[in-house]
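Let's take a walk through this protein together. Have the 3D view open and follow along as we go from one residue outwards.

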Amino acid sequence: MPVVYCKKCCEPSSRPDAQFTKEGVCLPCTYFEKFGEIDWESRQKELKEICDWGREHAKGPYDCIIGVSGGKDSHRQAFYVRDELKMRPLLVSVAYPPEQQTERGAANLANLINHGFDVHMVGPGPLTSKALMKHSFTKDCNLFKITELALYAAMPREAIAQGIPLMFLGENPALQYGGVNGSLSGDGNQQRKSHTLAGADINPLIESGFKRQNLFWYDYPSEEDFERGNLRIVYLGFYMHDFNEIMNTEFAINKGLQVREGIDADPAETGALNVAEALDDEFVHINQFLKCLKFGFGKVTQQVSSRIRVGQYTRDEAIELVRKYDGKCSDRYIKTLCRYLSISEDEFWEIAEDYRDPDLWQVNNHGEWELRYKIS
Ligand SMILES: [Zn+2]
């Protein structure tokens with residue numbers, strides 16, 4: 001089917017779960033159009049009630065939990081919850097294997113700790129993490145499909161174990177990026193139905209030879225565990241009128257966030273525009289590139305679409321950036337990944353090209369790959 005693009009931003013219909021109105025407008029744009037009509041006061045009231053509920057139901061020293069990578073959204077959430085909402089948060093961070101983690105990422109996490117937060121580090125075994133990444137890449141051409149499950153599972157696991165009733169997430173991804181699954185409100189308890197977690201079942205991994213005892217941190221707690229822990233998941237972004245890329249970046253930099261510099265900040269190398277995003281890992285650029293082969297769009301499409309909505313770019317300016325940078329990824333990152341996973345570059349390209357969707361891509365007159373349905 002031909003790819004169509006949102007009439008207001010650059011969102012393509014090839015995004016899994018994409019939803020468009022009859023007029024050809026994507027779900028995030030539709031949501032954003034109604035942004036001015038939102039009654040933020042009543043949302044704030046609702047959030048205060050949720051916080052009171054959290055304080056009442058806490059069974060230990062912490063009344064809420066926040067998953068942090070140390071990035072801009074982590075900074076914004078942690079400070080907001082502690083200093084504005086006057087809660088006692090435990091921050092949980094799932095560490096990347098040392099070979100994968102950037103120094104910048106470690107420094108940013110240290111920055112949060114230096115600001116006085118309690119941070120509980122979860123470090124899933126590096127050898128299993130690496131094996132899972134390799135498995136996920138060779139099987140689904142996605143580097144993070146399995147390893148990112150730890151980011152989702154560690155928070156509720158820790159919350160239930162520590163008697164913490166309330167778990168804060170940042171933005172509701174359905175409202176930010178589109179997608180028909182999951183809630184469209186501040187309620188995050190349907191997270192297990194999200195695109196990322198649907199089918200997050202570790203049994204196929206065990207059938208593939210992974211040991212159950214090595215997968216504990218990748219196993220999202222069951223609905224029964226959630227009920228037993230009386231755990232409530234809440235999207236903080238839903239209640240804050242200025243929880244967005246621009247504000248969060250500015251806030252975090254003011255608090256000491258280190259951003260990308262030099263060659264690792266060049267969109268021609270990274271395929272991304274924001275130098276304050278994905279600070280703790282460089283393989284993320286490769287995954288966006290692979291996504292582009294499969295679905296015909298990368299990180300820049302998503303970033304410019306958000307910025308069109310807040311009036312930072314016109315659609316024409318955004319399209320130019322998409323054409324120039326979307327799906328770009330330096331060979332340097334790919335070489336590092338191949339060394340990390342102990343695969344040859346030929347193996348990498350064989351798998352990657354195998355996933356290039358021929359309905360989305362064609363070879364042009366110069367013998368180069370190009371999108372069949374370019375945005376215009
Ligand atoms: Zn749109």
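Start at Val 81 in this predicted model. If you skip its neighbours within four places in sequence, Val 81 is in contact with Cys 64, Ile 66, Lys 86, Met 87, Pro 89, Phe 168 and Leu 236.

Val 81 belongs to the largest nonpolar core, which has 54 residues. Along with Leu 47, Leu 85, Leu 166, Phe 168 and Leu 236, Val 81 touches the most other members. Which elements build this core? Here are some of those that each supply at least two residues:

| Element | Residues |
|---|---|
| Helix H2 | 40-57 |
| Strand E1 | 64-67 |
| Helix H3 | 72-84 |
| Helix H6 | 149-162 |
| Strand E4 | 166-169 |
| Strand E5 | 232-235 |

The largest share, six residues, comes from H6. Apart from this core lies another one of 22 residues, including Cys 9, Ile 308, Leu 371 and Ile 375.

E2 and H4 also feed the big core, and they turn up again in a neat pattern: E2, helix H4 (residues 103-114) and E3 make a right-handed β-α-β unit. Strands E2 (residues 89-94) and E3 (residues 119-122) pair in the parallel sense over four bridges, with Val 92 opposite His 120 in E3.

Now for the metal. What holds the zinc ion? The SG atoms of Cys 6, Cys 9, Cys 26 and Cys 29 coordinate the zinc ion at 2.3 Å. The angles among these four donor atoms run from 103 to 115 degrees, and the site is tetrahedral. Cys 9 sits in the segment before helix H1 (27-33) and Cys 29 in helix H1, so this pair ties together parts 20 residues apart in sequence. Both Cys 9 and Cys 29 are buried.

Key: Residues numbered from 1 in each chain as written. Predicted model: local features only at pLDDT ≥ 70, side-chain atom pairs only at ≥ 80, totals over all residues. Heavy atoms only, no water. Donors = N, O, S within 2.8 Å, 3.2 Å for Na, K, Ca; no water. Tetrahedral: all angles 85-135°; square planar, octahedral: opposite > 155°, others 65-115°. Buried < 20%, exposed > 50% of the residue type's maximum accessible area, 1.4 Å probe, protein only. Pairing = 2+ DSSP bridges. Right-handed = clockwise from strand over helix to strand, strands pointing away. Core = buried A, V, L, I, M, F, W, Y, C linked by side-chain atoms within 4.5 Å. Contact = heavy atoms within 4.5 Å.
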